[in-house]
Amino acid sequence: MPRQTILPPAVCVFIGFALLGNAQAQAPQKQLSADERLVNTHAQSTLDEGRRIFRFDTFGSEAFWGDALQLHKAIAGEKNGGVGGGVSPKAALSVGLKVDTAALPAELVAGIKAGKVDLDDPATTLALLKLNAVVGVTGKFDQAGRIQSMGIQCAFCHSNVDDSFAPGIGRRLDGWANRDQNVGAIVSLAPNLKPFTDLLGVDVATVKKVLASWGPGRYDAELDKDGKAFRPDGKQAGTLIPPAFGLAGVNLSTWTGFGSMPYWNAYVAVTQMHGTGTFFDKRFADKDQYPVAAKSGSAKSASAGNTRGASDAVTSKLAALHFYQIAIPAPKPPQGSFDKAAAARGKDLFNDKAQCASCHVPPLFTEPGHNLHTPAEMGIDSFQAERSPTRMYRTAPLAGLWTHQKGGFYHDGRFATLKDVLEHYNGQFKLGLNEQQKAELIEYLKSL
């Protein structure tokens, strides 16, 4: 008789699972139900629509940026039917505007590479606007090709490019904070600043002084509510433009936790981008905290905190916009941009001795739930917190931190480097971290 081989029970179980898995792999996939297919189709169509809204929808903001401020005339320049010298592509890039190479025809790309396209001519800027190639800005042209107005999109502040063609010119990076964008300098170009002087009760020179104070990567989204143009110490009152990626599962999405992402989308679209839509928040009726909003009716309507446009070009788009934004993942850091071994040790410190994970809970890197803290808890002043209805600061999510180091850290960039941030917390919470541990923590933060 041939000798029989008796396999151990564990091996038999393993082979059984392997055979079962192989049979399942070869079997046809389970047919999706009608409801499941509907969900998949709805998800994809909503994602596509949200991307389009984020990149290209102006929410009717042409009525403000073009018709009221006449900013398009300053861009065009006198030679192209506008006013002044105009804005050339080089000038536009210098204030942080970006160009999407995907919108450029091959012959234009070749012309730029060959030096045959005049980047010092405002007419070239108009040509780029006609192609919808200027990230976050849409020009409105008549049949003769003359610019008549302009509006802006979410991408104006919350998209960047990968610089694959040249600095400021490349493929879109949706959700990335544009820390090069000098919003104040761009707005200052407008021939008519009367909407701001009337709202704030100041002269043009004062408005321009405030706009100039922000600098690249900063914006003040409360100025039209409380009129606080500068901090008590005389420094600018704007906050850093935050990223709009990696926010799935994050409750509050702004520095001081005004509200959720859909809340902030409505707030910005209606009260900051000046689109035509509906925004409701009766907290802005508080005449002590928000004197400008209480007096003006949140800048548009007779009822403070209840803004309603003649036609609503915002509300119907909030769902798809939100869906797209939460689908944008935090980008992974480039290979070689951090020390892996040091980052591994830094991760242990993050979760233990440094106590970072007590607030920046992985993998969200913020608290699930009501992720707010008092200024005293954080060991900083309350100026920006007091401008918010919450009077608190949000625990910022840290994923993708490597993409927005320009301009500093915290809401106002007060800490120039990650080392400065760690020094602050080391003292605030008496962590006792030594120099090596701080360096390892920094490598871990760069790896997120």
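**Notebook: aromatic rings**

I began with two rings: Phe-350 is buried, and Phe-365 is buried too. I keep in mind that this model is predicted.

**Entry 1, the overall count.** How many aromatic pairs does the structure hold? I found 20 of them. I then picked one to look at: Phe-258 and Tyr-267 have ring centres 5.7 Å apart and planes at 75 degrees, so I noted this pair as edge-to-face. That label fits because planes over 60 degrees apart count as edge-to-face.

**Entry 2, buried or exposed?** I looked up both partners of that pair. Phe-258 has 4% relative accessibility, so I wrote it down as buried. Tyr-267 has 0% and therefore counts as buried.

**Entry 3, back to my opening residues.** Phe-350 and Phe-365 also form an aromatic pair, with 5.9 Å from centre to centre and 70 degrees between the planes, and it is edge-to-face. Where in the chain do Phe-350 and Phe-365 lie? I placed Phe-350 in helix 16 (residues 340-351), and Phe-365 in the loop between helix 16 and strand 11 (372-373). They are 15 residues apart, and their pair links distant parts of the chain.

**Entry 4, a cluster.** Next I followed ring pairs from one residue to another. They link Phe-258, Tyr-263, Trp-264, Tyr-267, Phe-279, Phe-284 and Tyr-290 into a cluster. Phe-284 has another neighbour to note: Lys-225 lies over the face of its ring, 5.5 Å from the ring centre.

**Entry 5, a charge over a ring.** Which ring does the charged end of Arg-394 sit over? I found it over the ring of Trp-255, at 5.9 Å from the centre.

How values were computed. Residues numbered from 1 in each chain as written. Predicted model: local features only at pLDDT ≥ 70, side-chain atom pairs only at ≥ 80, totals over all residues. Heavy atoms only, no water. Phe/Tyr/Trp six-rings, centres within 6.5 Å; stacked < 30°, edge-to-face > 60°. Buried < 20%, exposed > 50% of the residue type's maximum accessible area, 1.4 Å probe, protein only. Helix = DSSP H or I, 4+ residues; strand = E, 2+ residues; numbered from the N terminus. Lys NZ or Arg CZ within 6 Å of the ring centre and 35° of its normal.
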